[in-house]
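These are my notebook entries on one structure. I record what I looked up and what I found at each step.

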Amino acid sequence: MKTLLIPALLITLTIGVVSPATGAAVNEEDCRSTITITCTKCHGAVKICNQLKDTGTDAQKWREIITRMGKKANLDQAVQDTAHACLTMSADPRRLVCEK
């Protein structure tokens with residue numbers, strides 16, 4: 001029984017880690033909080049909303065923007081990664097930022 005438990009646990013942990021990277025839904029409340037605390041601290045939500053309207057802003061472009069802004073705001077990589085996931089993997093990122 002113990003020999004089956006360890007592989008099952010490893011599979012569960014792997015799925016939990018891999019899922020966000022493959023497009024699984026992100027936690028909207030965590031996203032709102034992260035964006036409010038980090039991004040809109042320096043500029044308003046309108047700037048982010050306008051960028052979200054730009055269909056040319058793909059995941060790579062968001063990475064560039066967040067990296068640049070992260071350096072200015074002295075954000076660690078984990079916070080930058082969370083913001084990136086929120087803006088690129090959410091079903092509707094505009095709802096996270098633009099609508100109340």
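**Entry 1: a pair in one helix.** I began with R32 and E29, which both belong to helix α2 and stand three residues apart, about one turn of the helix. I noted that the model is a predicted one. The side chains of R32 and E29 form a salt bridge, with an N to O distance of 2.9 Å. I recalled that an α-helix has 3.6 residues a turn, so residues three or four places apart point the same way. I then looked up the accessibility of E29 and found 53%, which makes E29 exposed because exposed means over 50%.

**Entry 2: a second partner for R32.** Which other residue forms a salt bridge with R32? I found E28, and the closest N and O atoms of this pair are 3.6 Å apart. R32 and E28 are both in helix α2, four residues apart, again about one turn of the helix. R32 has a relative accessibility of 24% and counts as partly exposed. E28 is also partly exposed, with a relative accessible area of 23%.

**Entry 3: a link to another helix.** I followed E28 further and found a salt bridge with R95, whose closest N and O atoms are 2.3 Å apart. E28 lies in helix α2 and R95 in helix α6, so this pair ties together parts that are 67 residues apart in sequence. R95 is partly exposed, at 35% relative accessibility. I concluded that E28, E29, R32 and R95 are linked in a network of salt bridges. The structure holds four salt bridges.

**Entry 4: a buried residue of α2.** I next looked up T34, which is also found in helix α2. Is T34 buried or exposed? T34 is buried, because its relative accessible area is 16% and buried means under 20%. Leaving aside residues up to four places away in sequence, I listed its contacts as C39, V79, T82 and A83.

**Entry 5: the two sides of α3.** I turned to helix α3, which covers residues 45-53, and found that I48, C49 and L52 are buried there. These residues are on the same side of α3, because they cover an arc of only 100 degrees around the axis. Which exposed residues are carried by the face turned away from the buried side of α3? I found V46, K47 and K53 on that face. Finally, I looked up what covers the buried residues of α3, and the cover includes α2 (28-39), α4 (59-73), α5 (77-89) and α6 (93-97).

Note on methods. Residues numbered from 1 in each chain as written. Predicted model: local features only at pLDDT ≥ 70, side-chain atom pairs only at ≥ 80, totals over all residues. Heavy atoms only, no water. Buried < 20%, exposed > 50% of the residue type's maximum accessible area, 1.4 Å probe, protein only. Helix = DSSP H or I, 4+ residues; strand = E, 2+ residues; numbered from the N terminus. Arc of directions from axis to C-beta. Contact = heavy atoms within 4.5 Å.
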